[in-house]
Amino acid sequence: MNPRHYFHMARALQLAAKGMYTTDPNPRVGCVLVGGDDEVIGEGWHAYAGGPHAEINALRQAGERARGATAYVTLEPCSHHGRTPPCSHALVDAGVARVVAAMVDPNPQVSGKGLDQLRAAGIDVECGVMEVQAEELNRGFVTRMRRGRPYVRCKIGVSLDGRTAMANGASRWVTSEASRRDVQVLRASSSAILTGIGTVLMDDPALTVRDAEIVAAEQSATGGVRQPLRVVVDSRLRMPGNARVLSPSGTTLIATAAGEAAHRATLGDEVVLEVLPCTGGRVDLEALLERLAARKVNDVLVEAGAQLNGALLNAGLIDELIIYIAPKLMGDGARGMFNLPGLEGMDQCIPLQFMDVRRVGEDLRVTARPGTGRLRLCMQT
């Protein structure tokens, strides 16, 4: 394969990442148009849902020079009418000679149809260049399309001895200010933030994106700020009406097994009650994730306590752990990360694979996933 394909696709992936905080629920997509003598004649990325797609922005920049050019796109061009017309038609109309795609679109509405339309129009098509990197950039969208549920990341701040809070619940602050700023990036790139009612009652979190730079980037791209959906697992509907998570900064969904109740009137207009199946009086977490996928939620960030963390992990519903480890010891009596009763032998341990370890301020940030992978050790601050 032409090594220049990788060079231009890498640039397209850089462009796609510019939509990290703003394209939801759409995928992040970048496009580079290359003319004769390997000259870049147009670049574009998808900035926000409902706005022009990456290919359209690149074609507008290239103008008439797009005829005979090669288009590098990080995702198969769409072939259906959604909020915008099909990009496959636009590429054909512009006279593009070749399309190099990183991956086939996992959306069943597209899935190969866009590439087939390009081939039928006489355009040379290649697919699979930097496919792994492209999938990683859109792992939430890919997971929702392929598995019918969002990609779930669980964020935990701990001491070196694996403790999240003192025995009395005090946890401000286990980790450094730098780690807390880093969490704002995780929140902003997530479709939803999931917590449990226990955390709400103990810590009263707002679960909003507050980083000024991220907010400014969102406003520049879309004219507004996209706050993630806040989701609280509250089986018995104990949510207090004055909880900060109910603030008008965004929409809050309460997943409950209690059904409609008079208590609903105290929760506010921005609150959505989802009554879900339950087991032993507790919300079915798999059903919750399926319901969130139906709401076009791609990425879920879990910020919860040991009980919900443990329930998700034990059910095999966590795709990634992001653990901030502070250089301090909190002692045997402090609270742990997961409630996992019944693990008695080494053969019952839940295996994880380190994916990334790096310094964040005074802390270490460890990323781990179930299954296989390779460790990237990055110790710079």
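## A tour of salt bridges and a surface patch

Start by selecting glutamate 39, which is partly exposed with a relative accessible area of 38%. This is a predicted model, so to speak of its side chains is to speak of computed positions. Now add arginine 65: its salt bridge with glutamate 39 has its closest N and O atoms 2.9 Å apart. The two come from distant parts of the chain, 26 residues apart, with arginine 65 in the loop between helix H2 and strand S3 and glutamate 39 in the loop between strands S1 and S2. Arginine 65 is partly exposed too, at 47%.

Next, go to glutamate 135 in helix H5 and arginine 146 in helix H6, 11 residues apart. They form a salt bridge with the closest N and O atoms at 3.0 Å. Glutamate 135 counts as partly exposed, at 22% relative accessibility.

Then pick glutamate 320 and arginine 139, whose side chains meet in a salt bridge at 3.2 Å, N to O. Glutamate 320 sits in strand S14 and arginine 139 in helix H6, so this pair ties together parts 181 residues apart in sequence. Glutamate 320 is buried at 2% relative accessibility, and arginine 139 is buried at 17%. Add Glu136 and Arg369 to the selection: shared salt-bridge partners join them with Arg139 and Glu320 into one network.

For a change of scene, select serine 176, in the loop between strand S6 and helix H7. Serine 176 is buried, at 12%, and touches Val360, Glu362 and Asp363, leaving aside residues up to four places away in sequence.

Last stop: Leu343, Ile350 and Leu352, which make a nonpolar surface patch of about 230 Å². Leucine 343 lies in the loop between strands S14 and S15 and is partly exposed, at 39%.

Methods
Residues numbered from 1 in each chain as written. Predicted model: local features only at pLDDT ≥ 70, side-chain atom pairs only at ≥ 80, totals over all residues. Heavy atoms only, no water. Patch = residues over 30% accessible without salt bridge, like charges linked within 9 Å, V, L, I, M, F, W, Y side chains within 5 Å. Areas by Shrake-Rupley, 256 points an atom, 1.4 Å probe, with all protein chains shown as cover. Salt bridge = Lys/Arg side-chain N within 4 Å of Asp/Glu carboxyl O. Helix = DSSP H or I, 4+ residues; strand = E, 2+ residues; numbered from the N terminus. Buried < 20%, exposed > 50% of the residue type's maximum accessible area, 1.4 Å probe, protein only. Contact = heavy atoms within 4.5 Å.
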